[in-house]
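Trainee: I'd like a close look at one helix and what packs over it, please. After that, walk me through whatever else stands out.

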Amino acid sequence: MNEHLNFDCFLGKRIHLGVCGSVAAYKSLDLLRMFRKAGIEVSVTLTDGAQEFIKGLSFEALGAFKVWERMFPTLDDTFGHLEPGQAADAMLIVPATASMLARMAHGLADEMLSCQSLAFRGRKLVAPAMNPAMWDAPATVDNCSVLAGRGVEFIGPDCGDVACGDHGKGRMAPLEAIYAAGLRAVAPDDMSDRHVLITLGPTREKWDAVRFWSNPSSGMMGASIAMAAWLRGAKVTVVSGPVNWWFPDDVEVIRVDSAQQMFDASMDVWPVCNTGCLTAAVADFKPVPHGEGKFKKEGRSSLGVEFECNPDILKTLGSIKREDQQLIGFAAETSNIMEAARGKLERKNLDMIVANPVNLPGAGFGASTNSVYVLDRAGRSEEWPNLPKTEIAWRIWDHLLLN
Ligand code: CTP
């Protein structure tokens, strides 16, 4: 369920992946595969400890273009200890052991990965994995604080069961968190001045104790837009209907059920945001509730349900939009797409609208691709047919930033 992380717009970027000796070392193979799928070149260094768990050949077979294992390999690779520093955009050490963190903190260069790390001036990220007692040890605590002070970014570790059977902090962060942090390290940082509000997913409008009115929105479009903004450096607040997308720890996720709850949460957050993108498939109407208990069918041959209006979140945010705020809306249409979208752009006071024909195969609710028309305040209109939702998400921000 992590399709919202399938960005493949990183061609030409390179990550150097350092792997240390830990039971979690095998997970770095999956990470390599994920980065390759995103179009990123990956070079790898295995420490001696890592080679006890896993072989360089596996990384080569999965597409690493260069794997280093020893400090003094051959005459034609005399400067292997400097190469990642000259060519990679970011260095990730996954898993990072206590001893690697100590080597880095003290500037040791007595084996290949420490040497490459010392000679690396770019962004460095570490995903520690170790026993909780080692993580809590004063020496490790001090080493981590030195590294953090020098700008090394830590991904995890998490709390949980560790390989030796202990429980506590020291378990390597989940792969999606490491993968997302790696993408962010090589992505453009062109949204770091933005605090973005995203609404996503369906809403559920309760009728009785066991029934509700809703729609089949998966929330994937919104989740992809939230991730694209986060990758590009934005602070992100998501107001999510009842769907369950993974987000990095520093994305604020407010979970709601009904349109009224989504409205209340969005109104609370909007004043501190400068950008909004409302993708949620909000129920325009809610059934007038039957009452507290369960509606019983006994003695009835039909059922009439009365509906009342829900607030229009997008229109309300548009009506209080300040000069320093930009607002993007979506339009789910089955006919007269451009006309309907232009009407919504004006009526809801938007800067941009993304209209999708929800009745086409491979578009709209539940699909991982979408076909959209984009219209903006400046009068530009574009058609982006049949693209992955992650690609559309990326282009939406490109388009808005061009304004
Ligand atoms: N929207 C909203 N609150 C609502 C209804 C819609 O915030 N109560 C937002 C959606 O998130 C989307 C945009 O408004 O960004 C357009 O939604 P859409 O369903 O296409 O249009 P409506 O304005 O509801 O009009 P209609 O259903 O009649 O086409």
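Mentor: Start with what covers the buried residues of α11: the list includes β9 (195-200), β10 (205-206), β12 (235-240), β13 (252-255) and α12 (313-319). Contact here means heavy atoms within 4.5 Å. Helices (H or I, at least four residues) and strands (E, at least two) are DSSP runs, numbered from the N terminus. Before going on, keep in mind that this is a predicted model, so local features need pLDDT of at least 70, side-chain atom pairs count only at pLDDT 80 or more, and totals for chains, interfaces and linings use all residues. Numbering runs from 1 along each chain as its sequence is written, and side-chain values use heavy atoms, with hydrogens and water left out.

The helix itself, α11, spans residues 259-269, and its buried residues are Ala 259, Met 262, Phe 263, Ala 265, Ser 266 and Val 269. "Buried" is under 20% relative accessible area, "exposed" over 50%, and "partly exposed" in between (1.4 Å probe, protein chains only). An α-helix has 3.6 residues a turn, so residues three or four places apart point the same way.

For another helix, try α10 (residues 220-231): 12 of its 12 residues are buried, including Met 220, Trp 230 and Leu 231. From first C-alpha to last, α10 reaches 16 Å, close to the 16 Å expected for its 12 residues, where the expected span is 1.5 Å times one less than the number of residues. After α10 comes Gly 233, with a positive phi near 100 degrees.

Now swing over to Phe 35 in α1 (residues 27-37). Phe 35 is buried, at a relative accessible area of 0%. Setting aside neighbours within four places in sequence, Phe 35 touches Ile 15, Ile 40, Val 42, Leu 92, Ile 178, Tyr 179, Gly 182 and Leu 183.

Two of those partners lead into a sheet: Ile 15 falls in β1 (residues 14-19) and Val 42 in β2 (residues 41-46), parallel strands joined by six bridges. Val 19 stands opposite Leu 46 in β2. The whole open sheet has six strands in the order β3-β2-β1-β4-β5-β6, with parallel pairing, and its edge strands, β3 (66-68) and β6 (153-154), each pair on one side only. Pairing takes at least two DSSP bridges between two strands.

Last, a contrast: Phe 307, in β16 (residues 307-309), is partly exposed at 32%.
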